[in-house]
Amino acid sequence: MMDTKDKSIVCIGAGNVATHLSKALQQKGFQLQQVYSRTEESARTLADTLGCDWTTQLTQVYEKADIYIVSVKDAVLETVISQLTHCNPEALYLHTAGSMPMEIWKGKQKNYGVAYPMQTFSKQREVRMEDVPFFIEANTAENLLQLRKIAENLSPKVYEATSAQRKYLHIAAVFACNFSNHMYAICEHLLTTHQLPFETMLPLIDETARKVHELSPIEAQTGPARRYDENVIQRHLDMLMEEEPQLAEIYRLLSQHIHQYETEKQK
């Protein structure tokens, strides 16, 4: 049987996930055959890094690869998938989307699955792929085994998850990552508006993240909302209402929800 690493891979997409995933695969000895992106700059940049071919036309995607990994925006995923039917019918086809079902492949390919790396990726920052949890799913036991072998080459943290479970993983990840990062953006806005440096918040941000390695998030919660210090909360709301009424509403809702969690915990 052909070793998994001997199989050729085509990467459909050249964004953040595709860039990190394809580079990690190559570093582990996998053969990257081609990169597709709708923009020439993105396709060429990633292909030059990998030392492989590239294209901006789905009709020109290499037809004889063994594995096709699709990492594109959810909004165009189904459209892209429908344009790969000219490629190897025996290949394994994967997408990497957290919130899109595996069944999006059904009726279009014979062998398919999902490999969802749950991490925040930016091209400007390196990521230790061995720390990234991969959630996998495939349409047959044989395809799942092949997918597991691929994922375990990248990370020891490989878990099976259904499409339904993965949807909740994605929602949870949005709260943990995207929403928390937006809180940092609000923090930076408030500080810079009043001539204060954002860097002063970094020790607080770092310690908050470190604490949940040892405590549950509910146990790690501090602040006026947890104590339900109404005087402090109201002063903050009054200050925000004067200049930032939208932020006042966010502050009110979050404080209310934190207090609700704390109250339920004590029951």
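**Exercise 1. Decide whether Ser 71 is buried or exposed in this predicted model.**

Solution. Start with the number: Ser 71 has a relative accessible area of 10%. Next, recall the cut-off: buried means under 20%. Ser 71 is therefore buried.

**Exercise 2. Find where Ser 71 sits and which residues surround it.**

Solution. First, place the residue along the chain: Ser 71 belongs to the loop between β4 (67–70) and α3 (74–82). Then look for contacts, setting aside neighbours within four places in sequence: these are Ile 12, Gly 13, Val 17, Ala 18 and Thr 96. Finally, pick out Thr 96, whose side chain makes a polar contact with the side chain of Ser 71 at 2.9 Å.

**Exercise 3. Work out the layout of the sheet and say which strands stand at its edges.**

Solution. Begin by reading off the order of the strands. The sheet is open, has 8 strands and runs β3-β2-β1-β4-β5-β6-β7-β8, with mixed pairing. Now turn to the two ends: β3 (53–55) and β8 (158–160) each have a single partner strand, so one side of each is left without a neighbour in the sheet. On average, neighbouring strands are turned by 25° against each other, direction ignored.

For one pair in detail, take β1 and β2: they run parallel and are joined by 5 bridges. Here Val 10 stands opposite Gln 34 in β2.

**Exercise 4. Describe how helices α4 and α5 lie on the sheet.**

Solution. Take α4 to begin with. This helix lies across β4, β5, β6 (111–117), β7 and β8, and runs at about 165° to β7. Move on to α5 (residues 163–193), which packs on the sheet and touches β5, β6, β7 and β8. The direction of α5 makes about 25° with that of β6.

**Exercise 5. Explore the largest nonpolar core and name the residues that touch the most other members.**

Solution. The largest nonpolar core holds 31 residues, and Leu 25, Val 35 and Phe 134 touch the most other members. Next, ask which elements supply it: those giving two or more residues include β1 (8–12), α1 (16–27), β2 (31–36) and α4 (141–154). The largest share, 5 residues, comes from α4.

Now zoom in on Leu 25. Not counting residues up to four places away in sequence, Leu 25 touches Ile 9, Phe 30, Leu 32, Ile 69, Ile 150 and Leu 154. To finish, note that another core, of 27 residues, lies apart from this one, with Val 10, Leu 58, Val 61 and Tyr 93 among its members.

How values were computed. Residues are numbered from 1 along each chain as its sequence is written. This is a predicted model: local features need pLDDT of at least 70, side-chain atom pairs count only at pLDDT 80 or more; totals for chains, interfaces and linings use all residues. Side-chain values use heavy atoms; hydrogens and water are left out. Helices (H or I, at least four residues) and strands (E, at least two) are DSSP runs, numbered from the N terminus. Buried means under 20% relative accessible area, exposed over 50%, partly exposed in between (1.4 Å probe, protein chains only). A polar contact is a pair of N or O atoms within 3.5 Å; within protein, one must be able to donate a hydrogen and the other to accept it, and residues adjacent in sequence count only if both atoms are side-chain atoms. Contact means heavy atoms within 4.5 Å. A nonpolar core is a set of buried Ala, Val, Leu, Ile, Met, Phe, Trp, Tyr and Cys residues joined through side-chain atoms within 4.5 Å. Two strands pair if DSSP finds at least two bridges between them. Axes are lines fitted to C-alpha atoms, for helices over the stretch in contact, and angles run from 0 to 180 degrees between N-to-C directions.
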